[in-house]
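Student: Could you take me slowly through one part of this structure, the place where the metal ions and the ligand are held? I would like to see how the pieces fit into a connected picture.

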Amino acid sequence: MEFNISLSLGYTLVRGRNPGFYQVYKECDIALYRGKGTTKNALILFRPQEEEQEHRKRQIVLGLKTAIERGEFFLVYQPIYDVELSQPIAYEALIRWYNKNLGLVSPGEFIPYAEATGLILELGRYVIDKAIKDSKRLNLPVHINLSARQLYDTSLPNYLESLTKMEELPPDKVVLEITESQDVLMDEYLTSQIKILQLMGFGVSLDDFGTGYSNIVLLNELRPKNLKIDMSIVRMLETPYEEKEAEAIIRAIVDIAKALTIDVVAEGVDSKLKKEKLYALGVNKMQGFYFGKPERLEVLLNLSNSS
Ligand code: C2E
Ligand code: MG
Ligand code: MG
C-alpha cells in the first residue's frame with residue numbers, strides 16, 4: 001500500500017519581540033489554519049492582522065449565541081420605490097446587530113457565522129416574526145431575506161403560514177428574497193421548496209440577480225414576483241468605461257424579465273443619475289440611498305405621520 005503524505009508548517013517571526021511559547025504556538029496555528037485546504041506542502045507565514053481577525057471572529061461566534069436572548073438584534077426597513085407612482089410600494093427588512101463589545105456588526109459579517117453555526121434558523125424566525133408584525137403597521141408588503149439554510153428547514157412553510165394567518169396578513173404581502181446563488185439554483189430540493197411557498201401565495205424575489213448563475217431556464221420555471229438587479233451592476237452605470245456594458249446587461253435583464261412577466265427592481269440606486277439611466281432602460285422599481293436609507297420602524301412611522 002502506498003501513502004501520500006503532505007506536510008505544511010505554519011511559522012511566525014519573533015525577531016525584536018518576546019512573545020512567549022503560547023503566543024508563538026498560537027500564531028503558527030493561525031497561519032497553518034489559513035493555509036489548510038488551499039495549500040499543500042507549504043510554509044505559511046503568520047500575518048499580524050490575522051490575530052485580530054481571529055479574535056473578532058471568536059467574539060462574533062460567542063456573542064451570537066446569546067444575542068437573541070439579550071435583545072441585541074433589531075430590524076431596519078428600506079423602501080422599494082415605484083418611480084412612476086413616486087412612492088414606496090414595499091419595504092425590505094434588514095437585520096442589524098448591536099453588541100456592546102463589538103459595536104454595530106453588519107449582516108454581511110455575521111450572517112455567514114450564523115449560517116455555519118445553525119443559529120440562522122432561530123435568527124430567521126426572529127426576522128420573520130418581527131417583519132410580519134411590522135408590515136401591518138407599515139401598511140405595505142414586506143420583503144424578508146432568507147438564507148438557503150432556512151429553505152432546507154421543512155417547517156418553514158407551515159411557520160410562515162401560521163404566522164400570517166395569526167396576523168391576518170395575506171401571504172402575497174410577504175415577499176421572500178432568495179439570493180441568486182449556486183446553492184439555490186443547483187439544488188432541486190430548494191427549488192421545490194420555493195415552488196411550495198409560491199403555491200401557498202407567498203411572493204418570491206431573486207436577490208443580487210446578475211452576480212450568481214443567472215439561470216434563465218430556472219427563471220422561467222420559477223417565475224418569481226421580481227428579480228433584483230445587483231448593485232454591482234447598477235454601480236457600473238456611473239463607472240467610466242463600464243457604463244455601456246452595464247446598460248447592455250440591464251437592457252437584457254429587463255427584456256427577459258418582461259417576456260416572463262417578472263418585475264425588475266434595481267438595488268443600490270444612490271444618485272439621481274443612476275435613477276434616470278435606469279428609468280430610461282425600462283426599470284421603474286428602485287431601492288437605494290437616493291430614495292431612502294434603511295430606518296427603524298418608529299422613524300418610518302413618524303415620517304409618514306408628519307408628511
Ligand atoms: P441585500 O438583501 O442585497 O440588501 C441590500 C444591502 O444593500 C443592504 O445592506 C442595504 O443596506 C444596502 N444598500 C441599500 N441601498 C444602498 C445604496 O444605495 N448603496 C449602498 N452602497 N448600499 C445600499 P445590509 O443591510 O448590510 O445587508 C447586507 C446583506 O445581508 C443583504 O443584502 C442580505 O443578503 C443580508 N441580510 C440582511 N438582513 C438579513 C436577514 O434578515 N436575513 C438574512 N438571511 N440575510 C440578511
Ligand atoms: Mg435582499
Ligand atoms: Mg441584494
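Tutor: Let us begin with the whole before turning to the part you asked about. The protein exposes about 17100 Å², and carbon and sulfur atoms supply 53% of that area. What you see is a predicted model, and every value below is computed from it. Of the 307 residues of the protein, 44% count as buried, and the secondary structure comes to 13 helices and eleven strands. Along its principal axes the C-alpha trace spans about 65 × 50 × 45 Å. The domain assignment gives domain 1, residues 9-46, and domain 2, residues 72-306, and the centres of domain 1 and domain 2, taken over C-alpha atoms, are separated by 41 Å. Among the contacts in the protein with a separation of 6 or more, 66% are between residues 24 or more positions apart, and this is a useful point to keep in mind for the metal sites.

Now to the metal ions, starting with the magnesium ion written as ligand 2. This ion is coordinated by Glu92 (OE), Asn145 (OD1), Glu177 (OE) and Asp207 (OD), at 2.0 to 2.3 Å. If you look for these donor residues in the sequence, you will find them spaced E-x52-N-x31-E-x29-D. Two of the donors show how distant parts of the chain are linked here, for glutamate 177 lies in strand E7 (residues 174-179) and aspartate 207 in strand E8, 30 residues apart. With a relative accessible area of 1%, glutamate 177 is buried, and aspartate 207, at 5% relative accessibility, counts as buried too.

Aspartate 207 leads us on to the other site, since this residue bridges the magnesium ion (ligand 2) and the magnesium ion (ligand 3), which lie 4.3 Å apart. For the magnesium ion that is ligand 3, the protein donors are Asp207 (OD), Asp208 (OD) and Glu267, which is listed with two OE entries, and they lie 1.9 to 2.4 Å from the ion. The spacing of these donor residues in sequence is D-D-x58-E. Aspartate 208 lies in strand E8 (residues 203-209), whereas glutamate 267 lies in the loop between strand E10 (263-266) and helix H12 (272-280), so the pair ties together parts that are 59 residues apart in sequence. Their surroundings can be described with the cut-off for a buried residue, which is under 20% relative accessible area. Aspartate 208, at 23% relative accessibility, therefore counts as partly exposed, while glutamate 267, at 8%, counts as buried.

Some of these residues also help to surround ligand 1. In total 23 residues surround ligand 1, and the closest are Arg96, Asn145, Asp207, Met231 and Phe289. Asparagine 145, which is a donor to the magnesium ion (ligand 2), has an N or O atom in its side chain 2.9 Å from an oxygen atom of ligand 1. Glutamate 267, a donor to the magnesium ion (ligand 3), has a polar side-chain atom 3.1 Å from an oxygen atom of ligand 1. The backbone takes part as well, with an N or O atom of isoleucine 95 lying 3.1 Å from a nitrogen atom of ligand 1. Taken alone, ligand 1 exposes 800 Å², and the protein buries 80% of that area.

Technical notes:
Residues numbered from 1 in each chain as written. Chains lettered and ligands numbered in written order. Predicted model: local features only at pLDDT ≥ 70, side-chain atom pairs only at ≥ 80, totals over all residues. Heavy atoms only, no water. Donors = N, O, S within 2.8 Å, 3.2 Å for Na, K, Ca; no water. Helix = DSSP H or I, 4+ residues; strand = E, 2+ residues; numbered from the N terminus. Buried < 20%, exposed > 50% of the residue type's maximum accessible area, 1.4 Å probe, protein only. Domains from an automatic or database assignment. Near = heavy atom within 4 Å. Polar contact = N/O pair within 3.5 Å; in protein donor to acceptor, adjacent residues only side chain to side chain. Areas by Shrake-Rupley, 256 points an atom, 1.4 Å probe, with all protein chains shown as cover. Contact = heavy atoms within 4.5 Å.
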